[in-house]
Amino acid sequence: MQDNNIRKIAIIGGGTSGWMSAAALAQVLRGKYSEITLIESDDIGTVGVGEATVPPMHIFNRMLDLNEADFMRKTQATFKLGIQFVNWARLGDSYLHGFGDIGKDINAIRFYHYWLKLSQQGLVEDLDNYKIASVAALQGKFMLPIDQPDSPLSEIAYAFHFDAGLYARYLREYAEARGVKRIEGKVINTRLFDNGFIEAVTLESGEQITADLFIDCSGFRGLLIEEALKTGYEDWSHWLPCDRAWAVATENCGEPKPYTKAIAHSAGWQWCIPLQHRTGNGHVFSSKFMSEDEARSILMNNLDGQAKGEPRLLKFITGKRKKVWQKNCVAIGLSSGFMEPLESTSIYLVQSALARLVTLFPNKNFDQHTIDEFNRQSDFEVERIRDFLILHYHATSRNDSVFWDYCRTMAIPPTLTEKIELFKSSGRVFRTAAEMFSDQSWIAVMNGQGIFPATYHPLVDRLSNDDVVRRAENIKKVIEKSVALMPSHAQFINHYCKAGIPD
Ligand SMILES: Cc1cc2nc3c(=O)[nH]c(=O)nc-3n(C[C@H](O)[C@H](O)[C@H](O)COP(=O)(O)OP(=O)(O)OC[C@H]3O[C@@H](n4cnc5c(N)ncnc54)[C@H](O)[C@@H]3O)c2cc1C
């Protein structure tokens, strides 16, 4: 009988997405089912600035059976409890999108509604005070969650900051140890069958690499998905106008903060990502509203530590590939699209695409229904993330620059309008199907960006005001006491995953 299974997989690209794909497929297929080859070109290099992640990264690490402390040591990683947004809602303002839940549900109603009732009467403090990740982050504290269900210490949700170059190297070792074959070389041509499927890629050396399934991890250009298969790109820059970033590393100054900082400027924003051996910085901006030179000097004039070298300019167009799976090619990583790094979602999207690929893994027939389902799920996921990102730009009262005037007044996708309007009228927000961000994340950002609902959930009135005040006060106190027990982030890293001096 003819073997219809996928026996040869070729991954083009050895950046974060290429090596994540190689590691995950090697682990799932265990080297016996398919032969995996990864091609990367030392001449072309990687983007190499994806350094902040989101909590679902744990699922990926668990799938690979990684030892967390080892992974952190080898990638100079620190912990991340959320993102601090400075100057986003208005100049001088700051809030945290901390990971995890806000307060504790009472009688099956989100704590946020109780908080809303009290805040309308001026009886509560900022929302950040009712989330353990946010309180710990601002005090520079960290510990791993403990197994004590009644304690907020069991609810600590965290992610990582890591060195993207070291992460790719780490996963390369992992993948090669599990049988992935690496070829160094530049792909100069893609050969197609008459039906449009990819037959082989040709390297500069003349070598031809054939495969049943091709994974395009070649970065923004989309060597296979776009240059060979002409899939097309949906441009979202009218909603997400930033299209450039200057990136530079600095020496650390002070202890690493357990959160990413995102400081809004007049035509974009600046990130600050503390690692063990250095701090990653960048200024993401819109070239329609600011020149590259001005953006560069804003970055260089707003660094906390000494710059390690000259800044690097990266160019991108926010949007997504029209189809991320075409024929026998699946685009993963930047080749599939990019929505800017504001909520650190790109590495998550690589992980999620890989999970989807495993679930919908094809055979050589490449069933079109399976491909369509993959594309439908991918579109849904990125469109919901896109809405969440637009929210940060659109829901602002900043009117101090043409950029912010544009963002504040631009037309937004109807799916986002619906979410904002429901929240404004009722304080309610729902996670639609398998969208990435939970209602708690939406609430943190809507509230932080200054959207205040007209009213709260009516069933909150089942409790007396005094009772609600008492419970809110209690939640805050328990969080404060719990955070007081936590070591500093730096102490925790020193004892758990201190890295050596880098090569
Ligand atoms: C400014 C900025 C900040 C970011 N910050 C974050 C963040 O904080 N968190 C996050 O999750 N994500 C972030 N990202 C996204 C993240 O960097 C990427 O998702 C991640 O690095 C994956 O990139 P990639 O592997 O798809 O592509 P790349 O890193 O571009 O790698 C492409 C690979 O393809 C190879 N290649 C290309 N052409 C050829 C060829 N012809 N022949 C052979 N090989 C070839 C190259 O050699 C390279 O190995 C950021 C991106 C940008 C631009």
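How many of the residues of strand 4 are buried? Five of its five, and strand 4 is mostly covered. Buried here means under 20% relative accessible area, exposed means over 50%, and partly exposed is in between, with a 1.4 Å probe and protein chains only. Strands and helices are DSSP runs, E over at least two residues for a strand and H or I over at least four for a helix, numbered from the N terminus.

Before I go on, the conditions. This is a predicted model, where local features need pLDDT of at least 70 and side-chain atom pairs count only at pLDDT 80 or more, while totals for chains, interfaces and linings use all residues. Residues are numbered from 1 along each chain as its sequence is written, and side-chain values use heavy atoms, with hydrogens and water left out.

Back to strand 4. G82, Q84 and V86 point one way, I83 and F85 point the other way, and all are buried. Strands of a sheet pair through backbone hydrogen bonds, either parallel or antiparallel. Two strands count as paired if DSSP finds at least two bridges between them. Strand 4, residues 82–86, runs parallel to strand 14, residues 260–265, and four bridges join them. With strand 5, strand 4 pairs in the antiparallel sense, over five bridges. Take Q84 as the example: in strand 14 it stands opposite K261, and in strand 5 it stands opposite L96.

Now the whole sheet. Seven strands make up an open sheet with mixed pairing, in the order 5-4-14-15-16-13-17. Strand 5 (94–98) and strand 17 (312–315) are the edge strands, each pairing on one side only. On average, neighbouring strands of this sheet are turned by 20° against each other, direction ignored. Helix 8, residues 292–301, packs on the sheet and touches strands 13, 14, 15, 16 and 17; its direction makes about 30° with that of strand 13. For those angles, axes are lines fitted to C-alpha atoms, for helices over the stretch in contact, and angles run from 0 to 180 degrees between N-to-C directions. Contact means heavy atoms within 4.5 Å.

Next, some backbone angles. Most residues other than glycine have a negative phi. N87, which is not a glycine, has a positive phi of about 70°. N87 lies in the loop between strand 4 and strand 5, and counts as buried because its relative accessible area is 15%. A108 also is not a glycine, and its phi is positive, near 65°. A108 is found in the loop between strand 5 and helix 4. Is A108 buried or exposed? At 76% relative accessibility, A108 counts as exposed.

That loop leads to helix 4, residues 111–120. Helix 4 is mostly covered, with eight of its 10 residues buried. Among them are the aromatic-looking names you will spot on the screen, F111, Y112, Y114 and W115. What do the buried residues of helix 4 pack against? Helix 12 (414–426), helix 13 (439–448) and helix 14 (465–485). Just after helix 4, G122 takes a positive phi of about 70°.

On to domains, whose bounds come from an automatic or database domain assignment. Domain 1 is 8–50 + 163–235 + 319–366, and domain 2 is 244–315. Their centres, taken over C-alpha atoms, are 29 Å apart. The contact between them takes 10 residues from domain 1 and 11 residues from domain 2. Together the two domains bury about 740 Å², 62% of it on carbon and sulfur atoms. Buried area is the accessible area (1.4 Å probe) that two parts lose on being put together, summed over both. On the domain 1 side, V49, D163 and L342 lose the most area to domain 2, together 52% of what that side buries.

Last, the cysteines. How many disulfides does the structure hold? Zero. A disulfide is counted when a pair of cysteine sulfur atoms lies within 2.5 Å. For C272, the nearest cysteine sulfur is that of C253, 8.1 Å away. C272 counts as buried because its relative accessibility is 19%. For C407, the nearest cysteine sulfur is that of C242, 7.1 Å away. C407 counts as buried too, at 0% relative accessibility.
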